Amino acid sequence: MNLTELKEKHAQYQASGLNLNIQRGQPSDEDFDLSLPLIDILKRDDYKTRSGIDVRNYPGGVRGIPEACELFSELLGAEPGEMVVGNNSSLEMMTNVLQWALIKGVKNSPQPWIRETPKMIVTVPGYDRHFSLLETLGFEMVPVEMTADGPDIEAVERLAKSDPQIKGIYFVPTYNNPTGDTISEDVAKRLVTLDAAAPDFTILADDAYSVHHLDDNPGEIPNLLQLAKSAGNPDRVILFGSTSKVTFSSGGIGLLAMSESNLGYWLKLFSMQTIGPNKIEQWRHVRFLEQYPGGLKGLMRDHAAIIKPKFDATLRILNEEFAGTDLATWTEPRGGYFISFNTARPVASRVVELAAEAGVSLTPAGATYPGGVDPENSNIRIAPTRPPLGEIEEAVRVMANCVKLASAEYDEAN
Ligand SMILES: Cc1ncc(COP(=O)(O)O)c(C=O)c1O
């Protein structure tokens with residue numbers, strides 16, 4: 001289609017009064033419905049755990065109930081003794097860790113990070129909330145590219161070795177938000193062993209999608225904590241996760257895992273913030289997941305049955321619209337919540353603007369880069385999980401026309 005035809009098609013979309021949204025990284029109501037038994041699974045006399053903790057009262061400690069540590073250790077590939085099970089948000093746990101690191105340092109810090117004007121390596125494209133959190137806390141971000149094998153390891157090694165102010169790397173190791181890329185065994189091993197100028201170089205691995213496979217055979221996914229322990233560097237890795245996209249986004253459980261030697265240091269700090277987490281919610285999750293057919297794995301398989309057709313439809317339409325053109329590239333994730341789409345020309349912000357005109361809400365261009373600025377103006381995060389299948393198909397078709405139109409406008413002007 002030429003520019004005039006693309007404009008006409010865009011005008012037709014505008015006139016049709018669409019109201020579609022593929023920017024929200026949220027489960028669908030169908031996903032939530034799988035966990036509805038959570039709401040009333042606890043009967044009023046079910047307040048004592050098998051380990052004898054009364055979930056109504058304070059005693060029980062800051063690590064969460066042992067049954068939850070055991071159950072969720074599977075989610076992070078950790079030992080139960082390495083787990084901290086918290087309240088509903090892993091982001092809050094990440095914030096706690098970063099704030100304590102600034103004020104007190106991590107276990108092996110010569111001094112609090114704040115004294116050193118700390119820098120943090122981040123992967124791009126990446127998760128906007130990591131960037132805004134680091135920025136708000138005063139970290140200087142050092143972006144490296146997220147490749148199909150994980151963070152660009154050559155760049156990470158070079159940066160970490162040369163600059164003692166670089167205190168670590170903060171990224172998503174499994175099914176990255178938004179690319180869907182997963183760290184390879186080789187990159188994981190190099191990360192846990194790299195020679196860093198900072199003695200307290202820390203890997204903050206946000207494993208939000210560790211069990212969110214779309215394939216029946218996801219294969220072995222490297223576990224940074226286990227690799228760090230085997231490499232004799234047990235305190236370098238802190239893993240985070242949650243059930244926000246397993247059970248309820250607002251009523252789930254936040255998780256953290258680190259070596260037992262590291263836990264001693266961190267639990268003292270966490271216990272300054274709280275006497276303990278909400279143990280009732282934890283016990284409810286234990287009861288629910290234990291009775292779910294196939295347990296956690298079974299629940300994730302049922303999510304995949306809902307989510308995979310949405311990814312498949314998005315990828316099919318992208319192929320139909322762009323295969324054989326020089327207009328765009330995109331990722332084909334094997335899990336997680338997002339597809340990362342790149343326009344070949346620097347037109348992402350124009351695509352988002354055109355899509356909004358046509359009634360399709362896309363993640364703001366630049367959101368996947370620190371400071372909201374994508375230097376290539378090309379990355380768009382597609383989130384296919386929340387809307388029903390039909391809406392996704394329509395939204396991706398509209399977006400495709402916007403990409404073609406923005407690219408044609410660009411070619412005409414340049
Ligand atoms: C990579 C990543 N980490 C964390 C979160 C939020 O986690 P939580 O709900 O546990 O705070 C999200 C949500 O989209 C995410 O994509």
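These are legends for five close-up views of a predicted model.

**View 1. Strands β3, β4 and β5, side by side.** Start with β3 (residues 119-124) and β4 (residues 140-147), which run parallel and are joined by 6 bridges. If you want a landmark in this pair, M120 stands opposite M141 in β4. To get from β3 to β4 the chain passes through helix α5 (residues 128-137), and this β-α-β crossover is right-handed. On to β5 (residues 150-151): this strand runs antiparallel to β4, with 2 bridges between them. M146 has P151 in β5 as its bridge partner. The two strands, β4 and β5, make a hairpin with 2 residues between them.

**View 2. Strand β8 and its neighbours β7 and β9.** How many of the 6 residues of β8 (residues 237-242) are buried? The count is 6 of 6, so the strand is largely enclosed by the rest of the structure. V237, L239 and G241 point one way, while I238, F240 and S242 point the other way, and all are buried. β7 (residues 202-206) pairs with β8 in the parallel sense over 4 bridges, and L204 has I238 in β8 as its bridge partner. Between these two strands the chain runs through helix α8 (residues 224-230), again as a β-α-β crossover, and this one is right-handed. With β9 (residues 254-257), β8 pairs in the antiparallel sense, also over 4 bridges. Look for S242 here: G254 in β9 stands opposite.

**View 3. The shell around the ligand.** Which residues surround the ligand? They are G25, S89, S90, L91, Y127, V172, N177, D206, A208, S242, S244 and G254. Sorted by type, the shell has 4 nonpolar, 7 polar and 1 charged. S242 and G254, facing each other across β8 and β9 in the previous view, both turn up in this shell.

**View 4. F338 in its loop.** F338 sits in the loop between β10 (328-330) and β11 (339-343). Buried or exposed? F338 is buried, because 25 other C-beta atoms lie within 10 Å. Leaving out residues up to four places away in sequence, F338 touches G25, N177, P178, G180, R381, I382 and A383. Of these, G25 and N177 are also among the residues around the ligand. F311 is 27 residues away from F338 in sequence, yet their C-alpha atoms are 8.5 Å apart.

**View 5. Helix α10 and what it packs against.** At 1.5 Å a residue, the 13 residues of α10 (residues 279-291) should span 18 Å, and the end C-alpha atoms are 18 Å apart, which agrees. Its buried residues are K279, E281, Q282, W283, R284, H285, V286 and L289. These pack against α3 (66-76), β2 (83-85) and α11 (295-322).

Conventions
Residues numbered from 1 in each chain as written. Predicted model: local features only at pLDDT ≥ 70, side-chain atom pairs only at ≥ 80, totals over all residues. Pairing = 2+ DSSP bridges. Right-handed = clockwise from strand over helix to strand, strands pointing away. Expected span 1.5 Å × (residues − 1). Buried ≥ 20, exposed ≤ 12 C-beta atoms within 10 Å, placed from the backbone. Contact = placed C-beta atoms within 7 Å. Near = placed C-beta within 6 Å. Nonpolar A, V, L, I, M, F, W, Y, C, P; charged D, E, K, R; others polar.
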